[in-house]
Every structure is written in structure tokens, then in C-alpha cells.
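Q: I would like to learn how to read the features of this model one by one. Could we go through them together?

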Amino acid sequence: MNFARTSVVPEKKLTRDRARIVSSLICWMGALGAVFTFVLPASAVDRAAAIREAVVYLTPNSDAAKLATAERGREFVVIETTHNWLHVEAILGPARVEAAIIDDEEGGEKTVTGWIQDKGVVHSSTPDGDKILYGEAADSEDQASRRHGRRGSAQDAMRLYRRVYDYFPTSPLAGQALYRAADIRWQIEKEDVQSRPSAKEKESYLRVGMDEEWMKLVEKKFPGTKWADLAAFHRIDNKLCGDWQGSSKCPDKEADIYEKYATERPTSPAAAEALYNAAWRRSALIEIYKTEEQSKKMEESKNRAAALSQRIISQYPQQTDWVTRAQRLIFAIQQNVPTYGNTVD
């Protein structure tokens with residue numbers, strides 16, 4: 001899948017912009033000489049997003065000059081409505097680039113004021129708006145998983161999922177939507193991070209990591225849920241070494257991190273995977289300690305790897321893939337089959 005990050009306008013920014021929006025409205029009224037049917041008071045901010053691409057026009061006419069095209073999930077601040085048109089401030093990012101990472105707080109945001117057709121636009125007051133946005137996000141995510149899916153659909157999915165949380169924070173879908181938005185953002189950033197030379201650095205602090213802001217927001221807003229557990233599991237990525245360089249320090253530290261996660265979050269959907277990650281690293285240490293001529297630690301790693309594998313089988317019998325992989329790992333350890341390196345008897 002190709003996934004990316006979205007633009008989100010903080011409430012404080014919206015508040016600061018109200019005066020500018022009203023001023024802009026006055027200028028437009030003077031320039032166009034138009035009579036408008038409805039104007040929102042400065043104290044109210046109508047936020048909306050479209051489930052389809054929306055062309056922003058200079059005037060409320062499809063023959064007017066086109067100012068921009070807003071992708072699915074881009075946010076609009078609605079200034080006023082008239083007939084079947086919305087006068088909006090469209091909050092956009094840079095021109096779409098495959099796998100682009102867009103962050104308002106890093107200066108990527110741009111805004112365009114103009115008119116869009118009131119078609120396929122979901123407001124924070126739209127009945128079942130959370131389900132509509134979520135449904136479009138899921139469809140976009142499915143497009144992203146296809147070989148010839150719609151270009152930019154992963155970014156669309158991420159923005160749409162984020163809008164579900166932004167506009168409908170009390171919805172039963174809000175937690176999952178925020179997590180899925182964060183997950184898509186994480187995946188695209190991870191792909192970018194791993195493509196850099198710093199990805200091979202041994203210590204995690206020597207390379208650029210993924211932005212944890214959205215994952216931390218999931219944990220903060222939805223504590224005790226599986227979405228929070230999964231967000232915490234993702235954040236382990238930033239603590240891992242880039243390249244072990246044949247040293248025991250990295251796999252030993254990483255095994256501890258994964259085991260600690262599984263112990264503290266035993267009901268997490270990722271608990272069995274975390275235990276397997278710990279067990280595999282302990283099995284890898286068998287070969288590494290052999291090269292370091294530390295026979296005592298080698299035997300200790302062998303026992304710990306087997307014990308962790310057995311925990312998966314005992315605690316998570318329903319997790320078929322991790323159970324069978326754990327059984328395979330135990331067999332390899334018992335048969336003295338190396339699980340790390342290029343050792344051949």
C-alpha cells in the first residue's frame with residue numbers, strides 16, 4: 001500500500017483566521033456585487049470535507065476560472081452558502097506528489113478562497129457524516145491496495161479517516177478512524193525513513209524516526225482500547241536499531257522492549273507478534289554470542305527464546321500464524337538450526 005499524511009487545521013488557527021475570513025468576505029462582496037443568501041457569524045466555523053475531488057472556482061459558476069482542485073478529504077472552512085454553491089477557504093497542501101508527506105505545521109499548508117459545488121460535501125452537522133466519511137476512506141484504502149488503484153488514494157484515505165475523528169470525535173468510529181489515519185501516515189513515513197542512508201545506522205537516535213504525534217493522540221484520546229495498544233506497538237519502530245552490525249547489544253535491547261510491551265499489554269492484538277519478535281531476537285543472539293565466545297549467554301538466550309515461544313503457544317492459541325511460527329522457532333532451537341546469519345553446516 002502507498003500511504004501518506006494529511007493537513008489538519010488547529011482550532012486556534014481557525015480562531016485567528018476568523019477576522020481574515022470576514023475581511024475576505026467583504027472584499028468578495030464588493031468585487032462581485034453579489035447578493036448572498038446566508039452568511040455564517042464569525043463565532044461559528046462550519047468545517048467540511050468532500051468525498052470526491054472538488055474544483056475551487058473563482059466565482060459560483062462552473063464556467064469560471066479554476067483556482068485549485070481539492071482532493072478527497074481536504075478540509076474546507078465554509079464562509080457562506082448560496083443556492084448549490086459553497087464559498088470556502090480550501091485548506092490544501094503542495095501539489096500532489098506520489099508518497100508526499102504533508103504537514104501544516106512544517107509549512108506545507110496553503111489555502112485558496114473560492115467557490116465549490118455543494119455536492120458530495122460532508123459537514124460536521126451532516127447526519128451519519130461519520131459513516132459516510134469512513135466509508136469513503138475505506139474505499140480509498142482499498143484502492144490504494146490495488147496494483148492499478150487510483151493515484152493518491154492512500155493519501156485520500158488518510159485524510160478522510162482523520163476527518164471522521166476531527167468532525168465526529170464522539171462517534172463509535174472515531175477511535176478506529178484516528179488509528180487508521182495514523183497507521184497510513186506511519187507507513188508512508190516509514191517507507192521514506194527506510195530509504196535514507198541513516199536507516200542503516202546502528203543506534204536509533206542516529207536516524208530520523210517517524211512522527212509519533214498522531215499515534216500518541218490515539219493513545220491519549222482512546223486509552224485502554226485496542227487502537228491505543230496498536231499505536232503503542234507502532235511506536236516501537238522508532239526504538240529499533242537500523243543495523244545490528246553483528247553486535248549483541250541491539251537484539252538484546254530490542255527483545256527486552258518487545259517482551260515488556262507484551263507483558264504490559266497482554267490483551268493487545270499485537271501481543272503475540274511482540275512476543276515472537278522478542279523470541280526471534282533471543283534466538284538470533286544464540287549465534288551472535290557464539291561469535292563473541294560467550295557460551296553462558298548463548299545458553300541463556302536459547303532458553304529464553306524457547307520460553308518466549310512457548311508463551312505464545314500457551315497465551316494466544318487462537319493466533320494461528322504466530323503460534324505455528326513459534327513452534328517452528330522452538331524446533332529450530334532444539335535442532336541447533338541457526339535462525340540468524342548465513343551459517344551453513
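A: Gladly! Let us begin with a term we will need throughout: a residue is called buried when its relative accessible area is under 20%, exposed when it is over 50%, and partly exposed in between. Please keep in mind that this is a predicted model. Take Trp244 as a trial case: its relative accessibility is 9%, so Trp244 counts as buried.

Q: Which class does Trp280 belong to, with a relative accessible area of 24%?

A: Trp280 is partly exposed, because 24% falls between the two cut-offs.

Q: How are the rings of Trp244 and Trp280 arranged?

A: For ring pairs, planes under 30 degrees apart count as stacked and over 60 as edge-to-face, with the rest called tilted. The planes of Trp244 and Trp280 stand at 35°, so this pair is tilted, and the ring centres are 5.6 Å apart. In sequence the two lie 36 residues apart, Trp244 in the loop between H6 and H7 and Trp280 in helix H8, so the pair links distant parts of the chain.

Q: How many aromatic pairs does a search of the whole structure find?

A: The search gives 11 aromatic pairs. Another of them is formed by Phe233 and Tyr261, which is tilted too, at 5.4 Å centre to centre with 55° between the planes. Phe233 sits in helix H6 (residues 226-235) and Tyr261 in helix H7 (residues 249-264), so this pair ties together parts 28 residues apart in sequence. Phe233, at 13% relative accessibility, is buried, and so is Tyr261, at 6%.

Q: Which residues form one aromatic cluster with Phe233?

A: Tyr258 and Tyr261 join Phe233 in one cluster. You can also reach this region from helix H8, where Asn277 is found. Leaving out residues up to four places away in sequence, Asn277 touches Phe233 and Tyr258. Asn277 has a relative accessible area of 14%, so Asn277 is buried.

Q: What should helix H8 span, and what is the distance between its end C-alpha atoms?

A: The general idea first: an α-helix has 3.6 residues a turn, so residues three or four places apart point the same way. For length, the rise is 1.5 Å a residue, so the 21 residues of H8 (residues 271-291) should span 30 Å. The end C-alpha atoms of H8 are 31 Å apart, which agrees.

Q: How many of the residues of H8 are buried?

A: The count is 17 of the 21, so H8 is largely enclosed by the rest of the structure.

Q: What can I say about phi in the residue Glu293, which follows H8?

A: As a rule, most residues other than glycine have a negative phi. Glu293 has a positive phi, near 55°, though it is not a glycine. Glu293 lies in the loop between H8 and helix H9 (295-315), and at 73% relative accessibility Glu293 is exposed. His83 gives you a second case, with a positive phi of about 55° in a residue that is not a glycine. His83 is in the loop between strand S5 (75-82) and strand S6 (85-92), and its relative accessibility of 73% makes it exposed.

Q: How many disulfides does a search of the whole structure find?

A: A disulfide is a covalent bond between the sulfur atoms of two cysteines. The search finds 1 disulfide. Its partners are Cys241 and Cys250, with sulfur atoms 2.1 Å apart. The torsion about the S-S bond is about -90°, so the disulfide is left-handed. Cys241 is buried at 10% relative accessibility, and Cys250 is buried at 1%.

Q: Which residues have the most contacts inside the largest nonpolar core?

A: Think of such a core as a set of buried nonpolar residues joined through side-chain atoms. The largest one here has 59 residues, and Tyr161 and Ile312 have the most contacts inside it. Helix H4 (residues 174-194) gives the most to this core, with 9 residues. Beyond four places in sequence, the residues that Ile312 touches include Ala272, Leu275, Tyr276 and Trp322. Another core, of 15 residues, lies apart from the largest one; among its members are Ala50, Val56, Leu86 and Val112.

Q: Where does the charged end of Arg162 sit?

A: The charged end of Arg162 sits over the ring of Trp214, 4.8 Å from the ring centre. Arg185 also lies over the face of Trp214, at 4.3 Å from the ring centre.

Conventions
Residues numbered from 1 in each chain as written. Predicted model: local features only at pLDDT ≥ 70, side-chain atom pairs only at ≥ 80, totals over all residues. Heavy atoms only, no water. Helix = DSSP H or I, 4+ residues; strand = E, 2+ residues; numbered from the N terminus. Expected span 1.5 Å × (residues − 1). Buried < 20%, exposed > 50% of the residue type's maximum accessible area, 1.4 Å probe, protein only. Core = buried A, V, L, I, M, F, W, Y, C linked by side-chain atoms within 4.5 Å. Contact = heavy atoms within 4.5 Å. Disulfide = S-S within 2.5 Å. Phe/Tyr/Trp six-rings, centres within 6.5 Å; stacked < 30°, edge-to-face > 60°. Lys NZ or Arg CZ within 6 Å of the ring centre and 35° of its normal.
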